[in-house]
Number of protein chains: 2
Amino acid sequence: MPSVRGRGVTEKATDKGAQCCGTAKLPSLPEYETALECPMTEPQFKSWQSIQDEVLRRIHAREWPPGAVIPNEADLAQEFGCARATVNRALRALAELGLVERRRKAGTRVALHPVSRATVDIPVIRQEVSALGKIYEYRRLSRARAAPPLGLARRFCAEGLIQCLHVTALHLASGEPFVFEDRWINLETAPSADAQDFKALNANEWLLANVPYTHGEIRLAAQAATEAEAMILNARPGAPLFVIERLTWDHVRAVTFARLSYAPGHSIVTQLGAAP
Amino acid sequence: MPSVRGRGVTEKATDKGAQCCGTAKLPSLPEYETALECPMTEPQFKSWQSIQDEVLRRIHAREWPPGAVIPNEADLAQEFGCARATVNRALRALAELGLVERRRKAGTRVALHPVSRATVDIPVIRQEVSALGKIYEYRRLSRARAAPPLGLARRFCAEGLIQCLHVTALHLASGEPFVFEDRWINLETAPSADAQDFKALNANEWLLANVPYTHGEIRLAAQAATEAEAMILNARPGAPLFVIERLTWDHVRAVTFARLSYAPGHSIVTQLGAAP
DNA sequence: TTGAATATTATGTCTATACATATTAATCTG
DNA sequence: CAGATTAATATGTATAGACATAATATTCAA
């Protein structure tokens, strides 16, 4: 018999007899529990999810309007009939979503300007294409050892000249150009890349599997297609392209810089707020 | 005397004398603690942050390479000399970052293709401008009641004709055009918007403060500037503009649709991975 | 009245324990 | 040996209690 969740009392068979709820319970006899089922006081919120939902409901219903300070964890725990840690879990999750703001001593308040915190997943291109139900294909266009252009060298924080591998490639979705990739790999950080020709193997996937990185930076922008990009991507020169630039580091050493130019029409969509 | 953190033993003065670490401790005498300081076995990891750091270190150092299954929570807790809940907290945070994947019974493994999970904060424009150290200014350009164009009506999931408020506005940063806003407000969901002229008051800020929403959708794209946008934003027609479209809902009713066209050169930058 | 010292308070975190749940591995059966 | 049943296991979550920490309120003194 699976335990009933979300409704009813569902007294846990803990070793300690007394719960925070003051009323002493009889040694669990199902019939009695059903009969007693409390004086129909409050619905029981047991999981942190259900508490999150209830808090969200109150925020959306403007019971707790933007800017308002909500009751403290201890009070909510008592109201919901659960442990403070459970309330904490729920409120912490809401704070991560940017819907409430929490400060010690000051308490928790409903965000006045809930920043639209969109979690943008930028997947490996192979999976991005697969998710569209299309067939992924990869074509390396060029590969050369070269010093990076000045602007990039500066972003690599490299003094003087450094050796890089410059790889350009095209990713296709069911035969159509999808993304043009312009990548620089720092050979001082990843010397083993020099042994790869990247003809069949995607540089990004090879790097992920073989060269560690600790952190990075992503830039999303709109840029006009260059002559070369336009030709490769079947676009007209100057067409607005969605561009993602990614720069990754292993501790203090730059690993790689990639500029991904998407074919015209590409966009990124993400959902806002908790699931309804 | 502030307690030492991160190094040393720092035995907590809990009521229960025995910790999970088998060795019985003397009633805390600082000198003894320093003298005993264990047989230099292992550094103590006390906070979930420090455990996260150590796990990250092992992943970056390829001690746990991509795809590898890492020890289970109980074992790690024993190794680190902490409670399982603490290890859980650390690993859960890493899972949210997309760096490890967790499944019950199967365990925790280092992500093979760590999706670049960039958390893009899309702030209220006033704050975005302030953050750039510039002076925010707002100018309403037009306001009219109108039925939305067909495409938008469909996205509003509206049968037949619905009344909307159509507001266009320009947001400026230190006098320079920053964002052109093209907004449709569903008057069936937010009838009180009809009483506002939005001449001085930013529609977004008014909506945030006065009309609740439960969820939404954000789209990031690159689009060519229309004639009108070009004129307003001081750009040439066809220039690539970074565009954010936002559609918000209150339960099942559409609230508002906004299209924000940023002046040329705008980009969004976010950091990847945990802080180094 | 200002400024420093102290108390208060709400969140943040850790612990130990118990139970829930999903999933795989093992075992039993036909 | 196939398929169903059962056991084992790792993560997921709830709880009570204790202490940590940050920030505000209050008190007291110069």
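**Exercise 1. Two paired strands of chain B**

In which sense, parallel or antiparallel, do strand S7 (residues 176–186) of chain B and strand S10 (residues 253–262) of chain B pair, and over how many bridges?

*Solution.* The model under study is predicted.
Step 1. Strands of a sheet pair through backbone hydrogen bonds, and the pairing may be parallel or antiparallel.
Step 2. For S7(B) and S10(B) the sense is antiparallel, and the pair extends over seven bridges.
Step 3. A residue pair illustrates the register: Leu260(B) in S10(B) lies opposite Glu181(B).

**Exercise 2. A sheet built from both chains**

Determine the strand order of the seven-stranded open sheet, and explain what sets its edge strands apart.

*Solution.*
Step 1. The order reads S11(A)-S8(B)-S9(B)-S10(B)-S7(B)-S6(B)-S5(B), and the pairing is antiparallel.
Step 2. The edges are occupied by S11 of chain A and by strand S5 (136–146) of chain B. Each has a single partner strand, so one side of each is left without a neighbour in the sheet.
Step 3. On average, neighbouring strands of this sheet are turned by 15° against each other, direction ignored.
Step 4. Helix H7 (residues 203–210) of chain B packs on the sheet and touches S5, S7 and S10 of chain B. The direction of this helix makes about 45° with that of S7(B).

**Exercise 3. Following the bridges from chain A into chain B**

How many bridges join S11(A) to strand S8 (residues 215–224) of chain B, and over how many bridges do S8(B) and S9(B) pair?

*Solution.*
Step 1. S11(A) and S8(B) run antiparallel and are joined by six bridges. Within this pair, Arg219(B) in S8(B) stands opposite Val269(A).
Step 2. S8(B) pairs in turn with strand S9 (residues 240–250) of chain B, in the antiparallel sense and over 10 bridges. Here Gln223(B) faces Leu241(B) in S9(B).
Step 3. A further pair across the chains is formed by S4(A) and strand S4 (residues 116–122) of chain B, which are antiparallel over seven bridges. Arg117(B) in S4(B) is the bridge partner of Asp121(A).

**Exercise 4. The interface of chains A and B**

Describe the contact between the chains by its residues, its buried area and its polar pairs.

*Solution.*
Step 1. Chain A contributes 54 residues to the contact and chain B contributes 53 residues.
Step 2. The two chains bury about 4700 Å² between them, with 55% of this area on carbon and sulfur atoms. His60(A), His113(A) and Leu272(A) supply 12% of the area that chain A buries against chain B, more than any other three residues.
Step 3. The interface has 14 residue pairs in polar contact but zero salt bridges.
Step 4. Several elements of chain A each supply at least two residues to its side of the contact, including helix H4 (84–96), strand S4 (116–122) and strand S11 (267–272). S8(A) gives the most, with 10 residues.
Step 5. By class, this side of chain A has 28 nonpolar, 16 polar and 10 charged residues.

**Exercise 5. The three-stranded sheet of chain A**

Which strands of chain A are the edge strands in the sheet S1-S3-S2?

*Solution.*
Step 1. The sheet is open and its pairing is antiparallel.
Step 2. Strand S1 (69–70) and strand S2 (100–103) of chain A are the edge strands, as each pairs on one side only.
Step 3. S1(A) is joined by two bridges to strand S3 (residues 107–110) of chain A; Thr108(A) in S3(A) stands opposite Ile70(A).
Step 4. H4(A) packs on this sheet, touching S1, S2 and S3 of chain A, and the direction of H4(A) makes about 115° with that of S2(A).

**Exercise 6. A salt bridge within chain A**

Where in chain A do the partners Glu229(A) and Arg259(A) lie?

*Solution.*
Step 1. Side chains of opposite charge can pair when their charged atoms come close.
Step 2. In the salt bridge of Glu229(A) with Arg259(A), the closest N and O atoms are 2.5 Å apart, within the 4 Å limit.
Step 3. Glu229(A) belongs to helix H8 (residues 227–233) and Arg259(A) to strand S10 (residues 253–262), 30 residues apart, so that the pair links distant parts of the chain.
Step 4. Over all chains, the structure holds 30 salt bridges.

Note on methods
Residues are numbered from 1 along each chain as its sequence is written. Chains are lettered from A and ligands numbered from 1 in the order in which they are written. This is a predicted model: local features need pLDDT of at least 70, side-chain atom pairs count only at pLDDT 80 or more; totals for chains, interfaces and linings use all residues. Side-chain values use heavy atoms; hydrogens and water are left out. Contact means heavy atoms within 4.5 Å. Buried area is the accessible area (1.4 Å probe) that two parts lose on being put together, summed over both. A salt bridge is a side-chain nitrogen of Lys or Arg within 4 Å of a carboxyl oxygen of Asp or Glu. A polar contact is a pair of N or O atoms within 3.5 Å; within protein, one must be able to donate a hydrogen and the other to accept it, and residues adjacent in sequence count only if both atoms are side-chain atoms. Helices (H or I, at least four residues) and strands (E, at least two) are DSSP runs, numbered from the N terminus. Ala, Val, Leu, Ile, Met, Phe, Trp, Tyr, Cys and Pro count as nonpolar, Asp, Glu, Lys and Arg as charged, and the others, Gly among them, as polar. Two strands pair if DSSP finds at least two bridges between them. Axes are lines fitted to C-alpha atoms, for helices over the stretch in contact, and angles run from 0 to 180 degrees between N-to-C directions.
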